[in-house]
Amino acid sequence: MNNLRPESMERINTPKLADRFIEEQIAQIRETVKDEKVLLALSGGVDSSVVAALLIKAIKKQLICVHVNHGLMRKGESEEVVEVFRNQLDANLIYVDASERFLKLLEGVQEPERKRKIIGNEFIKVFDEEAIKLQDVSFLAQGTIYPDILESDGVKAHHNVGGLPEDMQFRLVEPLKFLYKDEVRTVGDALGLPYSMVYRQPFPGPGLGVRCLGAITRDRLEAVRESDAILRDEISKAGLSTQIWQYFTVVPDFRSTGVRDGKRAFDWPVIIRAVNTVDAMTATVPEIDYAVLKKVSDRILSEVPGVCRVLYDLSPKGPATIEWE
C-alpha cells in the first residue's frame with residue numbers, strides 16, 4: 001500500500017473542500033466495507049472522534065465504537081463521548097467503565113514509565129476483551145493521520161490500538177491517513193462535531209495518570225481533575241483557549257504548610273502548566289494576564305479540597321519537558 005500523500009491532493013482548508021473530502025470518503029468506505037462490521041477504539045480525541053463521525057455517516061450501525069474509561073480522563077470527557085456519539089449521533093457505542101480496574105493496578109506505583117506501561121497494557125487488554133465478544137467484525141478503523149506515517153517512516157508502527165492478537169485478522173480502515181491535524185479539525189467542523197471535541201487539547205494516553213505525580217491516590221487524582229476543569233473554564237472565559245497550545249494542572253506527591261479556618265493545614269500544591277509550541281520539540285511559556293491567573297488560583301483554593309497553594313510553571317522546553325512525568 002502506498003503511504004505517501006498524493007502530490008495532487010489539495011489542502012483541506014475550507015468547508016467546501018471538507019465537504020468534498022467527506023463525500024469521497026463515504027463512497028470509498030461503503031465500497032470497501034460493504035455490509036461488514038467495523039470496530040473502532042473511540043478515545044474522544046480529535047482523530048478517533050472524526051473517524052467515528054465519518055464512519056457513522058457512511059455505514060451507520062455497522063460501526064461498533066468502544067470507549068474505555070480508565071478513570072484518568074479529564075472532567076466530563078467520557079460523558080461527552082457518550083452524549084455526542086450515543087445520544088446525538090445514534091452510534092453503536094460500547095462504553096466500558098474500567099476505572100476501578102486501572103486504579104487498583106496503579107496503587108503504590110510511583111515510577112512514571114511503569115505507570116505508563118500499566119495503563120497502556122491494560123487498555124489493550126480491556127479493548128481486546130471487548131473485541132473478542134463481538135462476532136463477524138472484519139475491519140478495524142483507526143484515527144491514523146499523515147504525521148503518524150511520516151514519524152514512523154512509512155512503517156505501520158503508528159497503529160493507534162496496538163497489541164491486538166494476530167488471529168483477529170482485521171483489515172484496516174484509515175480515512176484520515178493523508179490529513180494533517182488542521183485538516184482533520186476542518187473535517188470535524190464540517191461533520192458537525194462539538195467545538196470542544198474538534199479543538200480538544202493534546203492529551204497523553206495515560207491521561208491524568210501522569211499529572212497526578214508519583215503514586216496515584218484517588219483524592220489527589222480528583223484534585224488534578226477538578227483544578228484542571230477550573231483552569232480550562234477560566235482560560236475559555238478569558239478568550240485565551242485558541243491562543244495557548246496546551247494548558248493543564250498537576251498535583252505532586254508532597255504536601256505544603258498552609259492555613260485554613262485559622263488553623264495550620266498540611267495540603268497539596270497545584271501547579272499550572274501552559275505552553276505554546278509549533279512542533280512540541282521546543283516550547284515557550286505564555287504570559288497569561290495576572291487577573292486570569294488570580295481568578296484561577298482563587299477558584300482552585302476555594303473549590304478544590306486539600307489544596308493550599310497554586311503555582312505557575314515558568315519553565316520552557318528545554319530544559320523542562322511539557323508534561324511533568
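Helices (H or I, at least four residues) and strands (E, at least two) are DSSP runs, numbered from the N terminus. The model is predicted: local features need pLDDT of at least 70, side-chain atom pairs count only at pLDDT 80 or more, and totals for chains, interfaces and linings use all residues. Residues are numbered from 1 along each chain as its sequence is written, and side-chain values use heavy atoms, with hydrogens and water left out.

**Exercise 1. Positive phi values**

Locate Lys 34 and Asp 261, and state for each whether the residue is buried or exposed.

Solution.
- Step 1: Lys 34 sits in the loop between helix 1 and strand 1. Its phi is near 55 degrees, a positive value in a residue other than glycine.
- Step 2: The classes are buried (under 20% relative accessible area), exposed (over 50%) and partly exposed (in between), with a 1.4 Å probe and protein chains only. Lys 34 counts as exposed because its relative accessibility is 58%.
- Step 3: Asp 261 belongs to the loop between strand 7 (256-260) and strand 8. Phi of Asp 261 is near 55 degrees, again a positive value in a residue other than glycine.
- Step 4: With a relative accessible area of 76%, Asp 261 is therefore exposed.

**Exercise 2. Parallel strands and crossovers**

Determine how strand 2 and strand 3 are joined, and how strand 8 and strand 9 are joined; then identify the helix in each β-α-β unit.

Solution.
- Step 1: Two strands pair if DSSP finds at least two bridges between them. Strand 2 and strand 3 (residues 92-97) run parallel and are joined by 6 bridges. Within this pairing, Cys 65 has Leu 93 of strand 3 as its bridge partner.
- Step 2: Strand 8 (residues 263-275) and strand 9 (residues 307-312) also run parallel, with 5 bridges between them. Here Val 270 stands opposite Val 310 of strand 9.
- Step 3: A crossover is right-handed if, with the strands pointing away from the viewer, the path from the first strand over the helix to the second runs clockwise. Helix 3 (residues 77-88) completes a right-handed β-α-β unit with strand 2 and strand 3. Helix 10 (residues 290-303) does so with strand 8 and strand 9.

**Exercise 3. The largest nonpolar core**

State how many residues the largest nonpolar core has, and which element gives the largest share.

Solution.
- Step 1: A nonpolar core is a set of buried Ala, Val, Leu, Ile, Met, Phe, Trp, Tyr and Cys residues joined through side-chain atoms within 4.5 Å. The largest such core has 45 residues, and Leu 39, Ile 235 and Ile 288 have the most contacts inside it.
- Step 2: Elements giving two or more residues to this core include strand 1 (37-41), strand 2 (63-69), helix 4 (99-106), helix 5 (112-133) and strand 4 (137-141).
- Step 3: The largest share, 6 residues, comes from helix 9.

**Exercise 4. The second largest pocket**

Describe the volume and lining of the second largest pocket.

Solution.
- Step 1: On a 1 Å grid over the protein atoms alone, where a 1.4 Å probe fits, a pocket is an open set of points with protein on both sides within 12 Å along at least five of seven lines; lining residues have an atom within 4 Å of a point. Grid points are joined across faces, edges and corners, and a volume is the space filled by probe spheres set on the points. The volume is about 510 Å³.
- Step 2: The lining has 20 residues, and Phe 21, Gln 25, Gln 28, Pro 175 and Phe 178 lie nearest the centre. Helix 1 (15-33) and strand 5 (171-173) are the elements that give two or more residues, and helix 1 provides the largest share, 8 residues.
- Step 3: Ala, Val, Leu, Ile, Met, Phe, Trp, Tyr, Cys and Pro count as nonpolar, Asp, Glu, Lys and Arg as charged, and the others, Gly among them, as polar. The lining divides into 12 nonpolar, 3 polar and 5 charged residues.

**Exercise 5. Strand 9 and the segment after it**

Classify Tyr 312 by accessibility, and give omega for the peptide bonds on either side of Gly 318.

Solution.
- Step 1: Tyr 312 lies in strand 9. Tyr 312 counts as partly exposed because its relative accessibility is 22%.
- Step 2: The C-alpha atoms of Tyr 312 and Ile 288 are separated by 9.9 Å, and the two residues are 24 apart along the chain.
- Step 3: Gly 318 is in the segment after strand 9. The bond from Lys 317 to Gly 318 is cis, with omega near -10 degrees. The bond from Gly 318 to Pro 319 is cis, with omega near 15 degrees.
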